[in-house]
Amino acid sequence: MKKSKKKEKNSRSKRFKKPISRVRKACFFCTNDVSIDYKKPEFLRKYISDSGKILPRRTTNICAKHQRALTRAIKHARVMALLPFTRIY
Ligand SMILES: [Zn+2]
């Protein structure tokens, strides 16, 4: 049997490895009593990238429950033409 030398594409080399902190910042919506509303596009704009994409949970530090609600609000706002689907040129 031939041994295959497979290169792991996604493995981070030791040199560039930075410690992954297990402590997660508390969710903004859990700590503050702020409701997620699609009618507040200025507020929702904080959670979309420059290209109009919804930022991931690892970036926003929001809990799963509130990230889901936020995603729905952003998508709702997009359909109502309050937020862009893509970057505006
Ligand atoms: Zn939360």
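**Entry 1: the core**

I began with the largest nonpolar core, which has eight residues: L44, Y47, I62, L70, A73, I74, A77 and L83. Helix α4 gives this core its largest share, four residues. I kept in mind that this is a predicted model. As general background, I noted that nonpolar side chains tend to be buried together in soluble globular proteins.

Next I picked I74 out of the core and asked which residues it touches, leaving aside those up to four places away in sequence. I found L44, Y47, I48, I54 and L83 on its list.

**Entry 2: how far to trust it**

I looked up the confidence before going on. The mean pLDDT of the protein is 85, and 81% of the residues reach 70 or more. Among the helices, I found the highest mean in α4 (residues 64-79), at 95. The lowest is in α3 (residues 57-60), at 90. I also wrote myself a reminder that predicted coordinates should not be read in detail where pLDDT is low.

**Entry 3: the overall plan**

I counted four helices and zero strands in the protein. Read from the N terminus, the order of elements is α-α-α-α. The protein has 89 residues, and buried ones make up 10% of them. I then turned to the contacts with a separation of 6 or more, and 70% of those join residues 24 or more positions apart.

**Entry 4: helix α4**

I gave α4 a page of its own. This helix has 16 residues and spans 23 Å from its first C-alpha to its last, close to the 22 Å expected at 1.5 Å a residue.

Which residues of α4 are buried? I listed Q67, L70, A73, I74 and A77. They sit on the same side of α4, because they cover an arc of only 125° around the axis. On the face turned away from that buried side, I noted the exposed residues A64, K65, R72 and V79. I also checked what the buried residues of α4 pack against, and the partners are α2 (41-44) and α3.

**Entry 5: R57, over in α3**

I followed that packing to R57, which lies in helix α3. Is R57 buried, exposed or in between? I put R57 down as partly exposed, because it has 17 other C-beta atoms within 10 Å, and a buried residue would need 20 or more.

R57 touches I62 and Q67, with residues up to four places away in sequence left out. Both partners were already in my notes: I62 belongs to the largest nonpolar core, and Q67 is one of the buried residues of α4. I looked up the spacing of R57 and Q67 too: they are ten residues apart in sequence, and their C-alpha atoms are 6.7 Å apart in space.

**Entry 6: two positive phi angles**

My last stop was the backbone. N61 has a phi near 60°, a positive value in a residue other than glycine. I located N61 in the loop between α3 and α4. It counts as partly exposed because it has 13 C-beta neighbours inside 10 Å.

A81 has a phi near 60° as well, again a positive value in a residue other than glycine. I found A81 in the segment after α4. What is the exposure class of A81? With 9 C-beta neighbours inside 10 Å, A81 counts as exposed, since the cut-off for that class is 12 or fewer.

Terms used:
Residues numbered from 1 in each chain as written. Predicted model: local features only at pLDDT ≥ 70, side-chain atom pairs only at ≥ 80, totals over all residues. pLDDT = per-residue confidence, 0-100. Contact = placed C-beta atoms within 7 Å. Core = buried A, V, L, I, M, F, W, Y, C linked by C-beta atoms within 7 Å. Expected span 1.5 Å × (residues − 1). Arc of directions from axis to C-beta.
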